[in-house]
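Dear colleague,

I am passing on the structure we spoke about, and below it you will find my notes on what came out of the analysis. Please read them with the coordinates open beside you.

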Amino acid sequence: MKYHALRVCANRGAFEAVPAEPVQLDLQRVRGGFELEGIQVLDCRVMLIAQMEREVTVGRDGRILIKSTNGPEAERLLQHVEAVLASAAAP
Amino acid sequence: MLMSGGIDSPVSLYYLLRQGHDMVAVHLDNRPFTDDTPLEKITDHLRLLEARFGRKVPMYVLPHGPTQIALMRNTDRHVGCVLCRRFMWRAAERIAERENATFLATGEALGQVASQTLSNMRTATASVHLPIVRPLIGFDKQEIEAVARSIGTYTISTRPGVCCQAVPDRPATRSGLVQILQEEERVDVEAILDDCVRRAVVV
């Protein structure tokens, strides 16, 4: 799954990444992927809130929001989340 | 008065307080789709305006996250912003009835965002019966910002915060009432509202 570049969200308190193509994530599998790595996840049914170094939310539509105002940190967290999504999507 | 924590609603409230109206603030708390910053901003807005006008503005905080979850699970995301607004209006009207208020008010200005096109405002407010006062309806953004700066609310409103994660990628800017009503049939409107208002907290 490919993402558009990370961008600061409109209210400047977080970074957001939007999938380049429309997707529907299986949040149960994604949740399992996070939990395998020991990351605590709150399941809101339409999105997951992962307690990483910063709070990260992953929507059913694949949108990722990273509650950080630090670009390099957000980029690193995005890469981590992308890896979790890739492993969750693997057969 | 519906308060969001943004630039417009405290300016709108300022004009209504200046006219001498007794106002009650209502905030639909959108967590977990936002963070704590809207609530913090509104608390500071009210503190500032209360000091300026020398009178208390009670604030009702209502949980809106569960409503958003129900809408996201069951309805067309494209019209999510309009449906969200309709629930906000209805919840505010319930509080208005509880407070014997005679009107509802917002900081809406025509055409600013997806939910504030004339078409979407019409479909959103068709859900309520009380008259709606919009002191800023014909203002442009620069005018509103100038007033916000002069009354001291601008710096509070523009603190960084997390944007609403329930907003769809391409929200509808035109919505028909028939379509909206069909979408609403997919959720239990009264149960959602009852739950929301029952959990209101007065600050």
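The contact between the two chains draws on 17 residues from chain B and 17 residues from chain A; please keep in mind throughout that this is a predicted model. Together, chain B and chain A bury about 1400 Å², of which 57% lies on carbon and sulfur atoms. On the chain B side, B:Arg73, B:Cys163 and B:Gln165 contribute 33% of the area that this chain buries against chain A, which is more than any other three residues supply. The rule finds zero salt bridges across this interface, although it does find seven residue pairs in polar contact, with both residues at pLDDT 80 or more. Sorted by class, the side of chain B that touches chain A consists of ten nonpolar, four polar and three charged residues.

Turning to chain A, the secondary structure amounts to two helices and six strands, and from the N terminus on these elements follow the order β-β-α-β-β-β-β-α. For 91 residues, a compact globule would be expected to have a radius of gyration near 12 Å, and the 12 Å computed for chain A agrees with that. The C-alpha atoms of chain A fill a box of roughly 35 × 30 × 20 Å along the principal axes, and 47% of the 91 residues in the chain are buried. Of the contacts in chain A with a separation of 6 or more, 45% are between residues 24 or more positions apart. Chain A also contains a network of salt bridges that links A:Arg7, A:Glu16, A:Asp61 and A:Arg63.

Over all chains the structure holds 24 salt bridges, and several in chain B deserve a separate look. B:Glu184 forms one with B:Arg86, with the closest N and O atoms 2.6 Å apart; this pair joins helix H8 (residues 177-184) to helix H4 (residues 80-98) of chain B, across 98 residues of sequence. B:Glu184 counts as buried because its relative accessibility is 5%, under the 20% cut-off, and B:Arg86 is likewise buried, with a relative accessible area of 2%. B:Glu184 also meets B:Arg90 in a salt bridge at 2.8 Å, N to O, and this second pair again links helix H8 with helix H4, here 94 residues apart. B:Arg90, at 13% relative accessibility, counts as buried.

A further salt bridge joins B:Glu190 and B:Arg94 at 2.7 Å, N to O. B:Glu190 lies in helix H9 (residues 189-198) and B:Arg94 in helix H4 of chain B, so the pair ties together parts that are 96 residues apart in sequence. Here B:Glu190 is partly exposed, with a relative accessible area of 45%, and B:Arg94 is partly exposed at 23%.

With best regards

Conventions:
Residues are numbered from 1 along each chain as its sequence is written. Chains are lettered from A and ligands numbered from 1 in the order in which they are written. This is a predicted model: local features need pLDDT of at least 70, side-chain atom pairs count only at pLDDT 80 or more; totals for chains, interfaces and linings use all residues. Side-chain values use heavy atoms; hydrogens and water are left out. Contact means heavy atoms within 4.5 Å. Buried area is the accessible area (1.4 Å probe) that two parts lose on being put together, summed over both. A salt bridge is a side-chain nitrogen of Lys or Arg within 4 Å of a carboxyl oxygen of Asp or Glu. A polar contact is a pair of N or O atoms within 3.5 Å; within protein, one must be able to donate a hydrogen and the other to accept it, and residues adjacent in sequence count only if both atoms are side-chain atoms. Ala, Val, Leu, Ile, Met, Phe, Trp, Tyr, Cys and Pro count as nonpolar, Asp, Glu, Lys and Arg as charged, and the others, Gly among them, as polar. Helices (H or I, at least four residues) and strands (E, at least two) are DSSP runs, numbered from the N terminus. The radius of gyration is taken over C-alpha atoms; the globule rule is 2.2 Å times the number of residues to the power 0.38. Buried means under 20% relative accessible area, exposed over 50%, partly exposed in between (1.4 Å probe, protein chains only).
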